[in-house]
Amino acid sequence: EINGTLNASQGGTQQFDSMTINSVGTYENPSASTTTVTDKTFVNSGTFLAGTGNLSLGSAYTAEYGMEVKGTFMGGSGDHTYGSLKIETGDMNFTSGTTTISSQTSNLAIVFSSGVSYAHNSGTINFTGSDNQQLYDAANTARTLYNVEIDKASNKVQYWNGKGFALTVSNLTITSGEFESYEATSGTARN
């Protein structure tokens, strides 16, 4: 747990089993290096400053979300990999680089809770998980992402039943796999 400031911005590669950043806590990611968290990263009212470094946060973790934001996450410009992402409250600023969603938690890849604030920062979201990866918005609020890439050897990206939303993207690239613009069970169109 980080309850003060952990400034790793001058250090090399950082490795943690899990990370929780509490209300007065701040983590400053090393520039030109990588922070890896094996299990869950929880920004719990604290601040995560990603800077120019790369991140791997719960990339293979499926017991919970690999990254959960209830505080402030400033994405910077590095490449990030999350197993799955839940934006519960607070401020989520995606990296201007590439965010790879490499897994899922109960099929959920990205979850937007009601009333969350986020910025896409003209970055790319790349879905690569081998299972179905679903998108969820608690209030069915229309969302905008900049570039979306689907690069899945099998299965698809689609919406959670009853929690789909209108999605606007600047560029959609499907290398392999599928993107379905309707909800998983009901078949409700969200395009």
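Student: Are phenylalanine 73 and tyrosine 82 buried or exposed?

Tutor: First, the ground rules: this model is predicted, local features need pLDDT of at least 70, side-chain atom pairs count only at pLDDT 80 or more, and totals for chains, interfaces and linings use all residues. Numbering starts from 1 along each chain as its sequence is written, and side-chain values use heavy atoms, without hydrogens or water. Relative accessible area under 20% is buried, over 50% is exposed, and in between is partly exposed (1.4 Å probe, protein chains only). By that test, phenylalanine 73 and tyrosine 82 are both buried.

Student: How many aromatic pairs are there?

Tutor: Rings of Phe, Tyr and Trp (its six-membered ring) pair if their centres lie within 6.5 Å; planes under 30 degrees apart are stacked, over 60 edge-to-face, and the rest tilted. Counting by this rule gives 10 aromatic pairs.

Student: What kind of pair do phenylalanine 73 and tyrosine 82 form?

Tutor: Their ring centres are 6.4 Å apart. The planes stand at 85 degrees, so the pair is edge-to-face.

Student: Where does tryptophan 160, the partner of tyrosine 136, lie?

Tutor: Tyrosine 136 and tryptophan 160 are also edge-to-face, with 6.3 Å between centres and 65 degrees between planes. Tyrosine 136 sits in strand β18 (residues 133–137), 24 residues away in a distant part of the chain. Strands are DSSP runs (E, at least two residues), numbered from the N terminus; helices are H or I runs of at least four. Tryptophan 160 lies in the loop between β19 (143–159) and β20 (167–183).

Student: How many helices and strands does the chain have, and what is its radius of gyration?

Tutor: The chain has zero helices and 20 strands. The globule rule gives 16 Å for 191 residues, and the chain comes close to that, so it is as compact as a globular protein of that length. The radius is taken over C-alpha atoms, and the rule is 2.2 Å times the number of residues to the power 0.38. The radius of gyration is 16 Å.

Student: Which strands are at the edges of the six-stranded open sheet?

Tutor: Two strands pair if DSSP finds at least two bridges between them. The order is β1-β4-β7-β10-β13-β16, paired in parallel. Each edge strand pairs on one side only: they are β1 (5–7) and β16 (117–119).

Student: Which residue of β7 stands opposite tyrosine 27?

Tutor: Strands β4 (residues 26–28) and β7 (residues 47–49) run parallel and share three bridges. Opposite tyrosine 27 in β7 is phenylalanine 48.

Student: Which residues of strand β5 (residues 34–37) are buried?

Tutor: In a regular strand, side chains alternate between the two faces of the sheet. In β5, Thr34 and Thr36 point to one face and are not buried. Pointing to the other face, and buried, are Thr35 and Val37.

Student: Which residue of β8 stands opposite threonine 36?

Tutor: Strand β5 runs parallel to β8 (residues 54–57), joined by four bridges. Across from threonine 36 in β8 is serine 56.

Student: Which residues does leucine 167 contact beyond its neighbours within four places in sequence?

Tutor: Leucine 167 lies in strand β20. It is partly exposed, with a relative accessible area of 23%. Contact means heavy atoms within 4.5 Å. Leaving those neighbours aside, leucine 167 touches Leu135, Arg143, Leu145, Tyr159, Phe179 and Arg190.
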